[in-house]
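This report covers selected backbone and packing features of one protein chain. The sequence and the structure come first.

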Amino acid sequence: MKAVALAVLCLVLAIPAAAAGAGVAPGRKYFSRPDLKPPRIKIFARSRLVTPGYIFIAPKKKVTQGGPLILDNQGRTVWFMPVDQRGVTDFRVQKYQGRPVLTWWRGKSADDKRLGRYSIYDQSYRLIKYIRPAHGLSGDMHEFSITPRGTALMTLSHVVKVKTRKVLEGAFQEVDIKTGKVLFEWHSVGHVPLTESYYRLPRQPGKTYDYFHINTIEVDGDGNFLVSSRNTHTIYKINRKTGAIVWRLGGKRSDFRLGKGARFGWQHDVRRQKDGTITIFDNAAAPKLRRQSRGIVLRVDERRKTATLLHTYVHSPPIVAVDQGNMQKLPNGNYLVGWGHQPYVTEFGPRGKALLDLRFAREGADSYRAYRFPWVGRPRSKPAIAVEGDTLYASWNGATEVKAWQLLGGAEKKKLRPLSTVEKTGFETAIAVPSDAAWVAVRALDRLGRSMARSDAIGRA
């Protein structure tokens, strides 16, 4: 076993200009997009060895605006779609019909007129499809996974009666995205008795008992399913053909002998890796089982029925995430950990060094999961601009290929000429405007200096 601890720098190495000053202000403000108020981000550690790409989170709860949010490695906004404070969950990049897409879950609207659903958006941030489970069941926040077969795995919220008690069972469907046909459906009641749960039985007879709490569905290498149950502290392998439980890892009825430090509880985000190991975000709370939550890597020998702890990734100072959270293994061997209930995201090197550590600036904000992916965004909208005094502010929400802005100006709206070119700096770039330019606009330029799009022209007051 190799235990590695994160030594997080307490010194703020880099804070975006928009986040400087009052670090707990409710949201960023942009001149060119005053309608966007994503949460401010603080950076506590950033190494030159951090993985390229973008961070995908979905701020919610104590935020001015919640919704899917893409950040760069400096914590700057790349794309944001405001929803509401309740926000969305499981925001990430997946592949659908061979192309990268953005997916997420959103719950009921505040007025309860729109039911929860899963969304698929293309690289231009246009809706491809909404998906809901079949058979009158309700999808929940925990998992929406697109498989190479063009199917979707969805966790379900389903209350049933067991004797005289209302029970929230763990359930999921595999649905063909194109046709909506249900290819597989599984329910925990009938397979997993209530006695396997570690969750306290409600004292009130009429209160629903959340005994299982499904939060991950993973297709294993043999085509069967791996399912994580938070409240039984167990990973179940489920036969795709029969729905029978093949084995249990962890919990009260484990088929595996767990080595030193390998036992987990209240866990999230169970993933089988290409090398056969299993990664887990081990909340270990609540109630608290360990000093802190951790990301772990287990070597699982299905023949000998043993599970060995290979690596542990923890935060210093300690973080206890009572719910939510995930651990993503990156292609280069690094790990990205979203701390769920706690407002942190950390990228670890293979040996546990902190390559990036950031958090929401405001207490009470969180994101169900955090991911890192490469992404190319090509919005169909125009760049946005605003002028304040002698400064023009330019932005283009979601455009990842802009390298510079070309300022256009002139005395007449339809006769603008290039005045200057400045490098793009973060989500919004400030550009000095000559005093004799009565009308202004901008062109977005790519890395080769080619024009990608032009804003509308606006007159200076």
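Two strands count as paired if DSSP finds at least two bridges between them. The model discussed here is predicted.

**A three-stranded sheet**

Strand S31 (residues 391-395) and strand S34 form an antiparallel pair with five bridges. Within this pair, leucine 392 has isoleucine 431 of S34 as its bridge partner. Both strands belong to an open sheet of three strands, ordered S30-S31-S34 and paired in the antiparallel sense. The edges are taken by strand S30 (384-388) and strand S34 (428-432). Each of these has a single partner strand, so one of its sides has no neighbour in the sheet. On average, and with direction ignored, neighbouring strands in this sheet are turned by 25° against each other. Strands of a sheet pair through backbone hydrogen bonds, in a parallel or an antiparallel way.

**The largest nonpolar core**

The largest nonpolar core holds 20 residues. The members that touch the most others are Ile41, Ile55, Ile57, Leu71, Val345, Leu356 and Leu358. Two or more residues each come from strand S2 (41-46), strand S3 (54-57), strand S5 (69-71) and strand S27 (354-360). The largest share, four residues, is given by S27. In soluble globular proteins, nonpolar side chains tend to be buried together.

**Backbone features in loops**

Four loop residues are listed below with their backbone angles.

| Residue | Backbone feature | Loop between |
|---|---|---|
| Glutamine 97 | positive phi, near 55° | S7 (88-96) and S8 (99-106) |
| Tyrosine 125 | positive phi, near 65° | S9 (117-121) and S10 (127-131) |
| Proline 287 | cis peptide bond from alanine 286, omega near 10° | S21 (278-282) and S22 (294-301) |
| Proline 317 | cis peptide bond from serine 316, omega near 5° | S23 (306-314) and S24 (326-329) |

Glutamine 97 has a positive phi although glutamine 97 is a residue other than glycine, and the positive phi of tyrosine 125 is likewise in a residue other than glycine.

Are glutamine 97 and tyrosine 125 buried or exposed? The cut-offs are under 20% relative accessible area for buried and over 50% for exposed. Glutamine 97 has a relative accessible area of 64% and is therefore exposed. Tyrosine 125, at 10% relative accessibility, therefore counts as buried.

Notes
Residues are numbered from 1 along each chain as its sequence is written. This is a predicted model: local features need pLDDT of at least 70, side-chain atom pairs count only at pLDDT 80 or more; totals for chains, interfaces and linings use all residues. Side-chain values use heavy atoms; hydrogens and water are left out. A nonpolar core is a set of buried Ala, Val, Leu, Ile, Met, Phe, Trp, Tyr and Cys residues joined through side-chain atoms within 4.5 Å. Buried means under 20% relative accessible area, exposed over 50%, partly exposed in between (1.4 Å probe, protein chains only). Axes are lines fitted to C-alpha atoms, for helices over the stretch in contact, and angles run from 0 to 180 degrees between N-to-C directions.
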